[in-house]
There are 2 protein chains.
Amino acid sequence: MSTPDLFATRASRMKASEIRELLKLLDQPGIISFAGGIPDPALFPADAFANAFQSCLGDGPHALQYSVSEGYLPLREWLVGHMQQIGIECSAENILITSGSQQALDYLGKLYLSPGDTALVGWPTYLGAINAFDAYEPCFDRLDLKANRRAAEYAAASGDGKIKFAYLSPDFANPTGETVDRATRESLLDLAEDLNIAVIEDGAYQALRYDGEDIPPILALELARKGTIEACRTVYCGSFSKTLSPGLRVGWVVASREVISQLVLVKQAADLHSPTINQMSINEVARACFDTHILRVRATYRRRRDAMLDTLRQEMPEGVQWTKPEGGMFVWLTLPQAHDGADLLSRSLETVQLAFVPGRAFFPDGSGRNTIRLSFSNSDEATIREGIKRLGQVLRH
Amino acid sequence: MSTPDLFATRASRMKASEIRELLKLLDQPGIISFAGGIPDPALFPADAFANAFQSCLGDGPHALQYSVSEGYLPLREWLVGHMQQIGIECSAENILITSGSQQALDYLGKLYLSPGDTALVGWPTYLGAINAFDAYEPCFDRLDLKANRRAAEYAAASGDGKIKFAYLSPDFANPTGETVDRATRESLLDLAEDLNIAVIEDGAYQALRYDGEDIPPILALELARKGTIEACRTVYCGSFSKTLSPGLRVGWVVASREVISQLVLVKQAADLHSPTINQMSINEVARACFDTHILRVRATYRRRRDAMLDTLRQEMPEGVQWTKPEGGMFVWLTLPQAHDGADLLSRSLETVQLAFVPGRAFFPDGSGRNTIRLSFSNSDEATIREGIKRLGQVLRH
């Protein structure tokens with residue numbers, strides 16, 4: 001028997017995330033890593049979680065029992081208020097709790113994509129989104145918001161397949177750290193109307209703004225046009241991973257009841273429900289301290305971003321360009337054309353013990369060889385300054 | 001816009017689990033419910049979990065941080081010993097932690113099934129398996145272990161599609177409570193060899209045997225034939241939901257490294273990893289008290305099963321047949337042909353406030369109208385006796 005012969009056709013598209021494989025190699029002392037997009041564990045509200053778990057378990061055995069696929073109602077109710085703060089009026093029935101926003105992307109791929117359908121994504125885009133959607137065997141086409149590409153061109157490129165959605169992370173996107181401005185969000189909504197497609201808005205970093213003014217989420221802009229979420233085509237994915245704790249795996253989806261009720265069926269069939277006690281304890285911690293906690297997280301990451309941008313200005317040789325993110329966890333570097341990010345990583349690890357992520361993995365078409373992603377979230381300022389100096393050394397050689 | 005037009009073709013196959021929808025209606029006082037297949041929360045080792053969560057959180061912030069897709073290594077190592085106890089020699093590399101065994105079924109469907117492929121399942125079978133596989137648009141054919149159906153007949157029935165696996169729960173299956181004997185397990189392995197397909201062995205209830213002798217898992221029997229798990233086609237799915245806690249959503253898959261490494265990619269793309277602290281605390285509780293705790297669970301459920309079988313003998317009118325399970329949570333009733341389980345449920349709820357699950361949902365072909373499933377796990381003996389008396393009343397009218 002050859003086992004792979006039994007696998008579905010989709011299995012041939014599955015590959016290990018270069019980033020997660022890379023992360024396994026970085027536990028050695030002395031290495032400075034700007035690789036993982038992971039929050040600083042020192043910022044987790046650990047005491048609040050200890051209290052929350054204790055109180056949830058003290059409250060009877062239901063914290064350990066099965067619960068409903070929709071998610072824990074008090075948490076969904078807290079999220080109604082949280083979404084309202086960012087301009088999205090909805091009810092608990094418009095919210096599904098997922099096991100991280102990664103699971104939301106998987107379920108949305110499952111709900112929308114038949115083999116050969118087209119998903120529009122940025123080049124570059126979040127690698128985890130490509131991997132999640134890939135399981136449903138779509139084609140990817142480039143969502144090019146800067147080029148003002150017209151609906152007819154997208155439609156022509158999709159051939160016989162149907163375009164199902166545009167996926168993007170409009171605030172401080174992974175991997176570039178860039179933000180989509182309000183006018184471009186509006187024109188994306190126009191495009192979605194013209195193409196009659198859904199918009200998947202990944203808000204994983206939305207709460208991590210360090211300066212500049214808030215821009216309403218795409219779903220909020222669509223709501224302003226249509227008056228009710230039930231008429232909206234935008235699906236918003238949120239996450240507690242970058243704010244309270246990634247290890248609890250709690251995220252959420254906000255959309256019309258029509259979409260949510262279908263996603264509930266997807267979840268029921270796929271894992272029954274997200275863990276009960278995790279939802280209960282996130283709910284307690286969010287109610288106790290989300291708003292104050294997020295201020296502390298922002299202040300810390302802001303200083304780290306500033307240290308990185310500062311040192312880049314001082315240390316980068318001519319010809320290197322980088323983004324100036326207003327939030328999030330990432331700075332994106334574009335090197336002169338002759339450079340290869342993967343080669344640079346090998347040399348950096350070898351000669352100066354510095355790690356980051358080569359940018360090519362974030363491009364569905366394998367372009368972007370001369371780009372790299374740096375994360376500033378999990379290193380203190382001194383380490384960031386030292387790391388960027390090392391990067392400068394390697395680049396100048 | 002019509003949103004459903006944007007959905008994938010698979011969406012038309014998704015429907016709410018009748019059982020889970022039913023469970024929502026049963027919170028009213030006075031109702032005796034044999035409906036849900038849920039463990040008695042009074043049996044959860046709540047104190048052990050309270051200690052475990054506290055100790056995991058006290059151990060530093062990594063309990064709240066991202067972790068690897070494969071699962072928490074100490075838990076996988078404990079499972080190596082646990083699997084060895086039931087005759088399955090493997091290493092931690094043969095184990096993936098999933099969010100309940102339901103998620104394992106979803107990921108196995110994703111890994112094996114392309115649209116039009118055939119999955120062999122029992123008629124009846126676990127409804128959650130049908131729903132999980134359905135997302136990948138397979139055909140279902142009947143795995144008929146009693147009829148000794150030959151490989152050539154299965155192959156002919158699959159038409160142009162490829163048969164990918166046989167799915168079954170050999171111990172105290174949901175919904176019938178029946179056990180597959182050793183000779184039949186061996187002949188299933190012969191069939192799998194002839195057809196060159198995988199076997200998905202759902203061991204969700206495996207630890208809940210109340211009498212009779214243990215029968216080796218199918219994977220153990222295949223291992224005895226082949227000498228190494230790396231040569232085995234059987235994939236074993238386990239779960240802590242029926243033993244320690246369902247709400248934490250911790251299950252596992254045991255298979256060859258070839259299959260596990262592919263499933264790791266599936267999980268990485270679908271939800272990154274199962275919650276860190278849940279795996280850590282299950283590990284602590286399993287190490288502290290799994291073996292003693294399971295004795296208590298078995299003793300309690302054995303008394304409940306006995307009470308149900310006892311009262312069925314006393315109260316059932318002629319023409320009603322039922323299974324005599326050696327473990328698990330379910331007794332399966334076959335009523336005279338003229339009866340309809342769904343009608344009986346309506347009448348029972350209305351006249352005697354008794355709930356159970358009509359059997360038809362467990363048949364992929366919609367047959368089984370005259371069957372019902374009774375669960376004895378979540379009611380004490382007095383309630384079980386009263387409930388079966390009520391069932392007798394309704395049936396005699």
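## Sheet in chain A

Strand β2(A) is joined by 4 bridges to strand β8 (residues 251-254) of chain A, and the two run antiparallel. The model is predicted. One pairing can be named: Ile95(A) has Val254(A) in β8(A) as its bridge partner. Strands of a sheet pair through backbone hydrogen bonds, either parallel or antiparallel.

This pair belongs to an open sheet of 7 strands in chain A. The order is β2-β8-β7-β6-β5-β3-β4, and the pairing is mixed. Which strands form the edges? They are β2 (95-98) and β4 (139-142) of chain A, each of which pairs on one side only. From one strand to the next, the twist averages 25°.

## Two domains

Chain A splits into domain 1 (3-44 + 291-396) and domain 2 (46-289). Their C-alpha centres lie 24 Å apart. Domain 1 of chain A puts 35 residues into the contact, and domain 2 of chain A puts in 32 residues.

Take the side of domain 1 of chain A that touches domain 2 of chain A. Here α11 and β10 (330-334) of chain A each supply at least two residues. The largest share comes from α11(A), with 8 residues. By class, this side of domain 1 has 16 nonpolar, 11 polar and 8 charged residues.

## Contact between chains

How many residues of each chain take part in the contact between chain A and chain B? The count is 69 residues of chain A and 69 residues of chain B.

Several helices of chain A each supply at least two residues of the side that touches chain B. They are α1 (3-6), α3 (46-58), α5 (100-112), α6 (127-134), α10 (257-271) and α11 (276-315). Of the side of chain A that touches chain B, α10(A) gives the most, with 9 residues. The residues on this side divide into 37 nonpolar, 22 polar and 10 charged. Helix α11 of chain A thus appears in two settings: on the side facing chain B, and on the side of domain 1 that touches domain 2.

## Symmetry

Two copies of a chain are related by a rotation about an axis and a shift along it. In this model, a turn of 180° and a shift of 0.0 Å along the axis lay chain A on chain B, with an RMSD of 0.0 Å. That is the relation of a two-fold axis.

Why do the copies meet through the same surface? Because 99% of the interface residues of chain A are also interface residues in chain B.

Methods: Residues are numbered from 1 along each chain as its sequence is written. Chains are lettered from A and ligands numbered from 1 in the order in which they are written. This is a predicted model: local features need pLDDT of at least 70, side-chain atom pairs count only at pLDDT 80 or more; totals for chains, interfaces and linings use all residues. Two residues are in contact if their C-beta atoms, placed from the backbone, lie within 7 Å. Ala, Val, Leu, Ile, Met, Phe, Trp, Tyr, Cys and Pro count as nonpolar, Asp, Glu, Lys and Arg as charged, and the others, Gly among them, as polar. Domain bounds come from an automatic or database domain assignment. Two strands pair if DSSP finds at least two bridges between them. Axes are lines fitted to C-alpha atoms, for helices over the stretch in contact, and angles run from 0 to 180 degrees between N-to-C directions. Copies are superposed by least squares on the C-alpha atoms of residues with pLDDT of at least 70 in both.
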